[in-house]
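Student: I'm new to this structure. Could you take me through one part of it closely, the largest pocket and what sits there?

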Amino acid sequence: MKFTFRENPNFHDVDHPLVEHKLSILRSVDTTPKQFAELAEEIALLLTYEATKNLPLEDVQVETPLETMTGKMVSGKAVGIVPILRAGLGMVSGVQKLIPNAKVGHIGLYRDHDTHEPVEYYCKLPADAEKRTIIVVDPMLATGGSASDAITMIKKRGVKKIKLCCIVSAPEGVQRVLDDHPDVEVYVAAVDRCLNENCYILPGLGDAGDRLFGTK
Ligand code: PRP
Ligand code: URA
């Protein structure tokens, strides 16, 4: 497979010293579930800062203590956050720290252990999802199957503006999402080397859901 995603304008590898620093601690096998949750939240916040750079603004009148001026505010029904269960839950609070009024939907997908294909088990999106920019969050983008299916489910609800934020990605996963969804922008903190025979990212960080919730 030829990977051309680095030249794709919809692909953003968020290259920031704080992201790199936090990601190294997140990856470490010695990091506890509590630390893992805190770091996933912080990295999600930093990815959100990048992913919201082109949100539309409108003029607003602001009264300062001294005079009235024209300021800017994000226009309309701005944003919805959709974590892919389970591990995506660990990124929601980071997005909410920057966009407290964002509504939160949930998509439940798990990877079948044998086929590595995503299996859908839950979908509940905000009632006005189609009026919002939807930020899909999931720490891991491995084969890209889960993210691509989640985006397809969201599009079926009429949503036009979708962004995907992942912490660790594999080249295969990034390429798959960009190919399946040429209208979606993808933000990642890292692109790792490859997938192993079980479709886990190498070097990666292991199973993000298990590490976040301490289930293994
Ligand atoms: C993980 C991860 C992604 C998916 C990535 O979830 O959080 O959703 O795998 O793999 P893919 O790109 O190959 O589809 P998992 O299926 O382990 O479920 P969990 O979050 O409930 O543990
Ligand atoms: N899901 C994970 O949690 N980690 C991987 O490396 C791949 C899929």
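Tutor: Sure, let's start with the walls: the lining of the largest pocket divides into 14 nonpolar, 9 polar and 7 charged residues. (Ala, Val, Leu, Ile, Met, Phe, Trp, Tyr, Cys and Pro count as nonpolar, Asp, Glu, Lys and Arg as charged, and the others, Gly among them, as polar.) This is a predicted model, where local features need pLDDT of at least 70, side-chain atom pairs count only at pLDDT 80 or more, and totals for chains, interfaces and linings use all residues. Residues are numbered from 1 along each chain as its sequence is written, chains are lettered from A and ligands numbered from 1 in the order in which they are written, and side-chain values use heavy atoms, leaving out hydrogens and water.

The pocket holds about 720 Å³ of space. Among its 30 lining residues, L109, Y110, R111, Y200 and D207 come closest to the centre. At least two lining residues each come from β4 (79-85), β6 (106-111), β9 (140-141), α4 (145-156) and α6 (208-213).

Now for the occupant: ligand 2 takes up this largest pocket. Around ligand 2 (a heavy atom within 4 Å) you'll find R111, M140, A142, C199, Y200, I201, G206, D207 and A208. That shell splits into 6 nonpolar, 1 polar and 2 charged residues. Backbone N or O atoms do some touching too: one of I201 lies 2.8 Å from an oxygen atom of ligand 2, and one of A208 also lies 2.8 Å from an oxygen atom of ligand 2. A polar backbone atom of G206 is 2.8 Å from a nitrogen atom of the ligand.

Note on methods: Polar contact = N/O pair within 3.5 Å; in protein donor to acceptor, adjacent residues only side chain to side chain. 1 Å grid on protein atoms, 1.4 Å probe; cavity = no way out; pocket = protein on both sides within 12 Å on 5 of 7 lines; lining within 4 Å. Sits in = over half its atoms within 2 Å of the grid points. Points joined across faces, edges and corners; volume = space filled by probe spheres on them. Helix = DSSP H or I, 4+ residues; strand = E, 2+ residues; numbered from the N terminus.
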